Amino acid sequence: MYARTAPDGEPRFTEATVDRRTPEEIWWRCTISMVNPVCNYRFLLHTAEGPLWLTAAGLSRLDVPDTTDFLLTTYPGPPKWAADAVIYQIFPDRFARSGRVTAQDPEWVRRADWDDPIPWGQDGALQQIYGGDLWGVTEHLDHLADLGANLIYLTPFFPARSNHRYDATTFAHVDPLLGGDEALAALSAEARRRGMRVIGDITLNHSGDGHEWFQSDRDDFYYVDGDDYATFAGVKTLPKFDHRSPELRRRLYDGPDSVIARYLEHLDGWRVDVAQSAGRHGAIELNDEAARLTRATMAGHDALLLAEHQFDASRALRGDGWHGTMSYAGFARPVWSWLAKERSTEFWGVPGPIPQYGGADMAEVMRRFSALIPWRAFTHNLTLLDSHDTARFRSVAGRDHQHLGAALLFTLPGLPMIFAGDEVGVEGVHLEDGRRPFPWDRARWDEGTYAVYRQLVRLRREHEALGTGGLRWLHTGPDVVVYERATPGETLIVQVSRSSHEPMKAAKAAASLTGGPDLTPGAPMPGDGPAFHVWELEA
C-alpha cells in the first residue's frame, strides 16, 4: 500500500507499513509531510485483481480525479469547545416573553397573541410580532439545561422591519423590542455562568433598505446603477452589499472596529446568513476573501464561525474561512429523502416533490458531500433536520420518523442543531408556519419526543466517539443503515431502521445504550422498525 500526495504539485508515493492485525482487519500506517497549507492524499492498493485507488469517495479500480482525495489542512482549527456543542436555534420573537420590554412598537409591527396562528403566505405575515425577547431566553435557560443543549444560536437581533430581522436597519445596537444591548449582555453572562455559549446571526450579503448605510453610503456600500440597485433574490427591501468597498469591509467584518468584532464581547461566534452569496455579483468574486477576513477578525477570540450554505460548500471549507457550514445538502436533504412521508413539501425552493431514497441512497449522498472536505470541517458542519427556513421535519416525516431523524442527527458527524420546539413536537408545514411560538404549557408537549431528544443529547455529550470519532458505514439497505463511530477508547454501533427488515447477525458483543437488547456474536440484531439502537462494543 502507498499514500500518494502532491506537494507543490509534484506526485509523491510513500510506502505504508502494517501497524497491527486483528482477526478481522489489517491496519496500515504511513507518514506524510505537509508542505502546503492544504494537502490532498489518497491510497494505492495492489491486490490480486489489480490496483485500486482509495479516496474519500471509496474504492475504485479506475483512475479518479483529485476532487475526492482525503484532505489535511494546517490552518488553525475551530475552537476546542465546539466538538462538544449541541446547538439550540432560537428565533427570538417566538421563544419566550419576559414582560420586561417597554419599547414602543414601530409603525410596521402587527401585534399577535402567543397562541395566534401564523398567517403564512398572507400579506403582513412577516410583520406579525409575538413579543418574544432576549430576557425571555435568559429566563428559560433551565429548559436548555434540562435538554442538554449548550450552544444557543440566536437568529438576528438587530433592529429591522420584519420579525425575521434579516433586513437590518442598523448594526449599532440590539433591537429594543428584544430588550436591547442590556438583554444580550445579561443572556450571555447567565449562559456562560451555566457553561453554555451564545452565537449570533448576521448577513454579510445584504441589509434592509431601511439601513442607515443604505441612506448615507449607498453608492459606496451597495451595487447601485442609477436609480436601481442589486438585491438578494430580487427582493427590493434587501439591497446587496458591494464588498469592493474597503470602508464597508472595515465596518462590517474586517478588523477590531467591525460589527463582527464588537459583539464578540458577548458572543462566542457567528452564523453568517446566505454566506455563499456574500461578495459575489456578476464577474465580481470576493466570497473567499470575505470568509478569510471574517475568520481573521475572530482570531484570538476562541470563537466559532459557521455559515449558511444550501449546496456544495467544499470550496469554502478548505480551512482558512468558515469553520463549518449548515449541512442542508450533505445531511438534511438526504435524511428528508429517506424519511419523509409528505413528499409534496417543497425543500429549499427545489421544484417538485422530495426525492424518495433508500438507506443506501442516503448514505451515498452523505458520502459524496463529505468526500469533498477535510474531516475537521465535516465534524464541524452544523447538521440539522429543519430550521427557521424550512417546514418542521415532524410535519414532513411524522412522529416516529422524526425520532429516527434525531437518532441520525446526534450520532453522525457534525454539530447537531435543534430548532426550538422540535424537542416537544412543534409542527409547521411551511417555513413561516414552522416559526410557531414555543408552547410553554407543558400539557401541549409530546413527552415521548422530549424523552427521545434528552436521551440522544445525553448520549452525544457522554460519548466522545459521537463527537470526534471516525465513521464507517457497515450496512446500508432500503430500510436500515448501520454504522460505526469509533475513537481509540470506544466503539459505538448505530442501527436506524425505517421499517421492519430481515435481521443481520451481530459480529461482536456489545451493550445497548438505548434500552434495547444487547448484541451477541452470531445472534440476530433487531429487525423491528421504525426503531433505532446504539450499542457500545465490549473492550
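Modeller: Let us start with a term: a residue is buried when its relative accessible area is under 20%. Everything we discuss here comes from a predicted model.

Colleague: Thanks! Then why is T170 called buried?

Modeller: The relative accessible area of T170 is 8%. The cut-off is under 20%, so T170 with its 8% counts as buried. As for its place in the chain, T170 is found in the loop between β12 (151-154) and α3 (180-193).

Colleague: Which residues does T170 touch, beyond those up to four places away in sequence?

Modeller: T170 touches F158, P159, H211 and E212. A contact needs heavy atoms within 4.5 Å.

Colleague: What makes the pairing of T170 and E212 a polar contact?

Modeller: The limit for such a pair of N or O atoms is 3.5 Å, and the side chains of T170 and E212 come to 2.8 Å. One atom must also be able to donate a hydrogen and the other to accept it, so the pair of T170 and E212 is listed as a polar contact. In addition, a polar atom of the T170 side chain lies 3.0 Å from the backbone nitrogen of A172.

Colleague: Let us turn to R271. Why does R271 count as buried?

Modeller: R271 has 0% relative accessibility. Set against the cut-off of under 20%, that value makes R271 buried. R271 lies in strand β18 (residues 269-273).

Colleague: And which side chain does R271 join through a polar contact?

Modeller: That of D273, at 3.1 Å, where the limit is 3.5 Å. Leaving aside neighbours within four places in sequence, R271 is also in contact with several residues, including Y153, Y166, D201, E308, H388 and D389.

Colleague: D389 sounds useful to follow. Where else does D389 appear, in which pocket lining?

Modeller: In the second largest pocket, which is lined by 34 residues. The closest to its centre are H164, F232, D389, L431 and R435. This pocket has a volume of about 910 Å³, and strand β17 (residues 235-239) gives the most to its lining, with 3 residues. By class, the lining has 13 nonpolar, 12 polar and 9 charged residues.

Colleague: What makes a space a cavity and not a pocket?

Modeller: In a cavity a 1.4 Å probe fits but cannot get out, whereas a pocket is an open set of points. There are 4 cavities of 30 Å³ or more, and about 230 Å³ of space lies in the largest cavity.

Colleague: Which residues lie nearest the centre of the largest cavity?

Modeller: S327, G330, F369, I373 and N381, out of 24 lining residues. The elements that give two or more residues to this lining are α9 (328-339), α10 (359-370) and β25 (470-476). Helix α9 gives the most, with 4 residues. The classes in this lining are 15 nonpolar, 8 polar and 1 charged.

Colleague: Stepping back to the whole protein, how many helices and strands are there?

Modeller: The protein has 15 helices and 29 strands.

Colleague: And how do you know how compact the protein is?

Modeller: Its radius of gyration is 24 Å, and the globule rule gives 24 Å for 539 residues. The two values are close, so the protein is as compact as a globular protein of that length. The C-alpha trace spans about 75 × 60 × 45 Å along its principal axes, and 58% of the residues count as buried.

Definitions and conventions. Residues are numbered from 1 along each chain as its sequence is written. This is a predicted model: local features need pLDDT of at least 70, side-chain atom pairs count only at pLDDT 80 or more; totals for chains, interfaces and linings use all residues. Side-chain values use heavy atoms; hydrogens and water are left out. On a 1 Å grid over the protein atoms alone, a cavity is a set of points where a 1.4 Å probe fits but cannot get out, and a pocket is an open set with protein on both sides within 12 Å along at least five of seven lines; lining residues have an atom within 4 Å of a point. Grid points are joined across faces, edges and corners, and a volume is the space filled by probe spheres set on the points. Ala, Val, Leu, Ile, Met, Phe, Trp, Tyr, Cys and Pro count as nonpolar, Asp, Glu, Lys and Arg as charged, and the others, Gly among them, as polar. Buried means under 20% relative accessible area, exposed over 50%, partly exposed in between (1.4 Å probe, protein chains only). The radius of gyration is taken over C-alpha atoms; the globule rule is 2.2 Å times the number of residues to the power 0.38.
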